Amino acid sequence: MQTDGRPGLPRLVLQEQDTLERLVRHAQRLLRRHPTAARTLVRALVAEGRTFSSTPEGQRWQALLASSDLISRGRLLWLAAGFDRLLEGGEEPAVLPSDWLMLAADTLLSTDIEALLIRRLREGDIDGLLSFGPA
Amino acid sequence: MDSYPSALHRQRSAQERDTFLYLALGAVSVALRLLECVSEDLDTDPRVGPSADGVQMDGPPRDLLR
């Protein structure tokens, strides 16, 4: 509770800044725990964005995002938290996320998934296929 | 004061370095592609989305495990 500069008039303040700070700290903790995965993900998305920006549709979206207050605020926080360092000294990914997505979508619809799962089960590799644990 | 071309160049250079904007643009690109894939699969217009009555399809829902 804060006063509004005038005695006797309490003002209720919602703790949105705390939520944002917690989110940033959480993201920084994730980066410390999984730096390689975080770098790979960020680089891949930035490369995707650069490629998309060379298309007419991408240019329209870029102009739209550039005028967004949400993006301006996010950029400020991104830079202040030092997340830009994730892009230092790395190579551009050879395959973009949308390429992976298209490949996954095509193969998901054309592959006999039941047969695939049974085959992997017979090979004793079902845990590796379905879990996120270490290989 | 900058001339118009140099101001434009400066603005473009700043945009080139704006990795957060490209990150957001990349996320939009992936989301649009995903929307395209799903819309294509369900035969709906990605700009319109499913109708209020539900997704219009030619046949029964596809069993992905078959």
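## Secondary structure of the two chains

In this predicted model, the secondary structure of chain A consists of seven helices and two strands. Read from the N terminus, the elements of chain A follow the order β-β-α-α-α-α-α-α-α, so that the two strands are followed by the helices. Chain B, by contrast, has two helices and zero strands.

Of the 135 residues of chain A, 11% count as buried, while in chain B, which has 66 residues, buried residues make up 20%. Among the contacts in chain A between residues at least 6 apart in sequence, 56% join residues that are at least 24 apart.

## Where the chains touch

The contact between the chains draws on 27 residues from chain A and 19 residues from chain B. On the side of chain A that touches chain B, the elements that give two or more residues are α2 (35-52), α3 (56-66), α4 (69-80), α5 (97-110) and α6 (113-122) of chain A. The largest share of this side, seven residues, comes from α2(A). Sorted by character, the residues on this side of chain A divide into 16 nonpolar, six polar and five charged.

## Helix α2 of chain A

Helix α2(A) has 18 residues, which at 1.5 Å a residue should span 26 Å, and because its end C-alpha atoms are 25 Å apart, the expected and actual spans agree. Which residues of α2(A) are buried? They are A:Val42, A:Ala44, A:Leu45, A:Val46, A:Ala47, A:Glu48, A:Gly49 and A:Phe52. What covers these buried residues includes α3 and α5 of chain A together with α2 of chain B, so the cover is drawn from both chains.

## How α2(A) meets α2(B)

Helices α2(A) and α2(B) pack at an angle of about 80 degrees, with their axes 6 Å apart. Because angles of 65 to 115 degrees count as roughly perpendicular, α2(A) is roughly perpendicular to α2(B).

From α2(A), the residues that take part in this meeting are A:Val42, A:Leu45, A:Val46, A:Glu48, A:Gly49, A:Arg50 and A:Phe52. From α2(B), they are B:Thr19, B:Tyr22, B:Leu23, B:Ala24, B:Leu25, B:Gly26, B:Ala27, B:Ser29 and B:Val30. Taken together, the residues of the contact of α2(A) with α2(B) divide into 10 nonpolar, four polar and two charged.

## The largest nonpolar core

The largest nonpolar core has 16 residues, and the members that touch the most other members are A:Val46, B:Leu21, B:Leu23, B:Ala24 and B:Leu25. The elements that give two or more residues to this core are α2 of chain A and α2 (19-42) of chain B, and α2(B) gives the most, with seven residues. A:Val46 also appears among the residues of α2(A) that meet α2(B), and A:Val46 is buried.

## A:Gln62 in helix α3

A:Gln62 is placed in helix α3 of chain A. Is A:Gln62 buried or exposed? Since a residue is buried if 20 or more other C-beta atoms lie within 10 Å of its own, A:Gln62, with 23 C-beta neighbours inside 10 Å, counts as buried.

Leaving aside its neighbours within four places in sequence, A:Gln62 is in contact with A:Ser53, B:Leu21 and B:Leu25; B:Leu21 and B:Leu25 are also among the core residues that touch the most other members. The C-alpha atoms of A:Gln62 and A:Gly49, which are 13 residues apart along the chain, are separated by 8.8 Å.

## Helix α4 and the residue after

Helix α4(A) has 12 residues, which at 1.5 Å a residue should span 16 Å, and its end C-alpha atoms are 17 Å apart, which agrees. After α4(A) comes A:Gly82, whose phi is positive, near 75 degrees.

Technical notes
Residues are numbered from 1 along each chain as its sequence is written. Chains are lettered from A and ligands numbered from 1 in the order in which they are written. This is a predicted model: local features need pLDDT of at least 70, side-chain atom pairs count only at pLDDT 80 or more; totals for chains, interfaces and linings use all residues. Two residues are in contact if their C-beta atoms, placed from the backbone, lie within 7 Å. Helices (H or I, at least four residues) and strands (E, at least two) are DSSP runs, numbered from the N terminus. Ala, Val, Leu, Ile, Met, Phe, Trp, Tyr, Cys and Pro count as nonpolar, Asp, Glu, Lys and Arg as charged, and the others, Gly among them, as polar. A nonpolar core is a set of buried Ala, Val, Leu, Ile, Met, Phe, Trp, Tyr and Cys residues joined through C-beta atoms within 7 Å. A residue is buried if 20 or more other C-beta atoms lie within 10 Å of its own, exposed if 12 or fewer, and partly exposed in between; C-beta atoms are placed from the backbone. The expected span of a helix is 1.5 Å times one less than its number of residues. Axes are lines fitted to C-alpha atoms, for helices over the stretch in contact, and angles run from 0 to 180 degrees between N-to-C directions. Angles under 35 degrees count as roughly parallel, over 145 as roughly antiparallel, 65 to 115 as roughly perpendicular and the rest as oblique.
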